Amino acid sequence: MTLKTEDLLKVIHSAGVQAAADTGNEPEPELTQPISWPITSTVGPGLEGAIACESKVGYVNGAKGWLVYRGYDIFELCANATYEEVCYLLLHGELPTEAQLYAFKKKLASYRYVNGTLRVLMGFPVEKMNPMAALRLGTNLLRQEFSFIDIDIPGDDMGFDEIIAMDDDSFAMETPPLGEKQATYEFHQQSRASHPRWGDQLHDAKGYEAAYHLIAGIPTLAAAISRVRQGHMPIEPDPHLSLSANFLYMLTGYQPSELEERMMDVCLILHADHGMNASTFAAMVVASTLSDVYFSVGSGIAALNGPLHGGANEQVLKMLEEIRSFGDVQEWLDERLMNKEKVMGFGHRVYKAYDPRARVLGPLAELLTENHEDGKSLLSIAKRLESEMIDRFGESKKIFPNVDFYSGIVYNCLGIPADMFTSVFAVARVSGWTARVLEYLKNNRIFRPRAIYTGDFGKTYTPIEQRQRRDTIQ
Ligand code: SDX
């Protein structure tokens, strides 16, 4: 059966109808009325239930399984919007006019060229690095190339500043005066004239330009990292393609069909924003110190990497393949739970109902695996695991599939390698991270929670010779 875009729309529409029937879509009053600080909230470990700030960017109704971006229901956006429109909406609060969207897409298309950054990044052993570590490194390099924020150029000199090292392949190092010959090096510090981009598009690393640059540049970095990990050269961006189509093209080397482009759009929209999740919170904590957007996004990437957060999607695919070779879903699950291991792709700190994003990704996986044998067998295992988990924990522990449970099967069918699934999550979430960081900075207050101290008091110093040897180092 040849899939058509209408098939995708049908999936989204019926998921939205089902969600509305199941949830009713009433906002939780205690989480959607303006407040006056200070407030009291019941807080559990890991800041569960804590209110960190007010926001208009997005709302997650955990009890009902409902997700809203700037007032638009997620199903509404998946059915009608492109990912660029949703980026603009998250950042600026309204869907763009035609002229605004044209200018925004043109700017994003120009920022997707990050050749200088790629040249430096490819000097690192990217093929051996954790892809998210490489992406985070790339984000730092993007900061350096475009924001020029750190280099304090004295005056408007045209020549080289003071020479500090000679040999380009060496590192300026202090050689201890231990009788060895003092090594001399001559590095040339860059000056304003020599910087390739000085004067054009240099921007403040704390503003919207940095956000646009990251939203457009990070897909290019992620795709290049993927290509190198597969033993290929990076593919140059195509300025005529949308962000989603260009990302798939740079990842796979093939121009995606209109349907594949729409599917990538829907996946990026579904992953774009999600309230005060760990990686968004990490990004905002960094921004609240008045660091900058690049460092914030770097922290978001670091937090997203964890298997309890964005790293779960890659773990789910490994888990499904493990079950397939194990043979029996129930037995596998019994053993997993007996070992007190979490089942990846299930459960959520906020959703105590079916994750609305899984309501789209599940049927999307079904659509895509129609003509995909491997995907079809993984999907049938996923479906059996889902019903087993819901039978056992749906009512008792409110455990349901989350966004990561089906996304891997969808990405697999789109030709995205499993080791890049979390990076795809980061490519989408940069829009949510930057939207919330820039919103928070408008009324900034450094994040500084407290910890309960349960340690000792009144201890006196014991000279080391009188200390008892302890079995383990504390
Ligand atoms: C994302 O926050 C966000 O919005 C995140 C995210 C986003 O868009 O940014 O939605 C994306 O990160 C989704 C989550 C991806 N992670 C996983 O799929 C990893 C598996 N899930 C779990 O680790 C867990 O569900 C968390 C981390 C997602 C949430 O954990 P909580 O809220 O801290 O819940 P918990 O660990 O305290 O569990 C409560 C109970 C425990 O049982 P008891 O000790 O009470 O008997 O539920 C059990 C847990 O053992 N449980 C699970 C389980 N998740 C919870 N048991 C087995 N498998 C699981 N997946």
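Author: A residue is called buried when its relative accessible area is under 20%, exposed when it is over 50%, and partly exposed in between, using a 1.4 Å probe and the protein chains only. The structure above is a predicted model, in which local features need pLDDT of at least 70, side-chain atom pairs count only at pLDDT 80 or more, and totals for chains, interfaces and linings use all residues. Residues are numbered from 1 along each chain as its sequence is written, and side-chain values use heavy atoms, leaving out hydrogens and water.

Reader: Why is Leu290 called exposed?

Author: Leu290 has a relative accessible area of 53%, which is over the bound for exposed, so the term applies. Leu290 belongs to the loop between H11 and helix H12 (293–304); helices here are DSSP runs of H or I with at least four residues, strands are runs of E with at least two, and both are numbered from the N terminus. Its phi is near 65 degrees, a positive value in a residue other than glycine.

Reader: What makes Lys340 count as exposed?

Author: The relative accessibility of Lys340 is 76%, and Lys340 is therefore exposed by the definition. Lys340 also has a positive phi, about 55 degrees, although it is not a glycine. Its place is the loop between helix H14 (329–338) and helix H15 (356–368).

Reader: Why is Asp7 called buried?

Author: Asp7 has a relative accessible area of 10%, under the bound for buried, so the word fits. Asp7 sits in helix H1 (residues 5–23). Its C-alpha lies 7.9 Å from that of Leu367, although the two are 360 residues apart in sequence.

Reader: How do you know that Asn277 counts as buried?

Author: Asn277 has 11% relative accessibility, which therefore meets the criterion for buried. Asn277 lies in the loop between helix H10 (258–270) and helix H11 (278–288). A distance of 9.7 Å separates its C-alpha from that of Ala303, 26 residues apart along the chain.

Reader: Which bond joins Trp37 and Pro38?

Author: A cis peptide bond joins them, with omega at about -5 degrees. Pro38 is in the loop between helix H2 (29–32) and strand S1 (58–61).

Reader: What makes the pair formed by His309 and the ligand a polar contact?

Author: The term requires a pair of N or O atoms within 3.5 Å. A polar side-chain atom of His309 lies 2.9 Å from an oxygen atom of the ligand, so this pair qualifies. Backbone N or O atoms do likewise: one of Gly345 lies 2.8 Å from a ligand oxygen, and one of Phe346 lies 2.8 Å from a ligand nitrogen. The protein covers 72% of the 1000 Å² of accessible area that the ligand has on its own, by the Shrake-Rupley method.

Reader: Which residues around the ligand come nearest?

Author: Among the 21 residues around the ligand, these are His274, Val343, Gly345, His348 and Arg357; a residue is near if one of its heavy atoms lies within 4 Å. The shell draws at least three residues from each of domain 1 (5–152 + 201–312 + 416–441) and domain 2 (313–413), with bounds from an automatic or database assignment.

Reader: Which members of the largest nonpolar core touch the most others?

Author: Of its 127 residues, they are Tyr69, Met264, Leu364, Leu385 and Ile416. Such a core is a set of buried Ala, Val, Leu, Ile, Met, Phe, Trp, Tyr and Cys residues joined through side-chain atoms within 4.5 Å. Helix H8 (residues 208–229) gives the largest share of this core, 13 residues.

Note on methods:
Polar contact = N/O pair within 3.5 Å; in protein donor to acceptor, adjacent residues only side chain to side chain. Areas by Shrake-Rupley, 256 points an atom, 1.4 Å probe, with all protein chains shown as cover.
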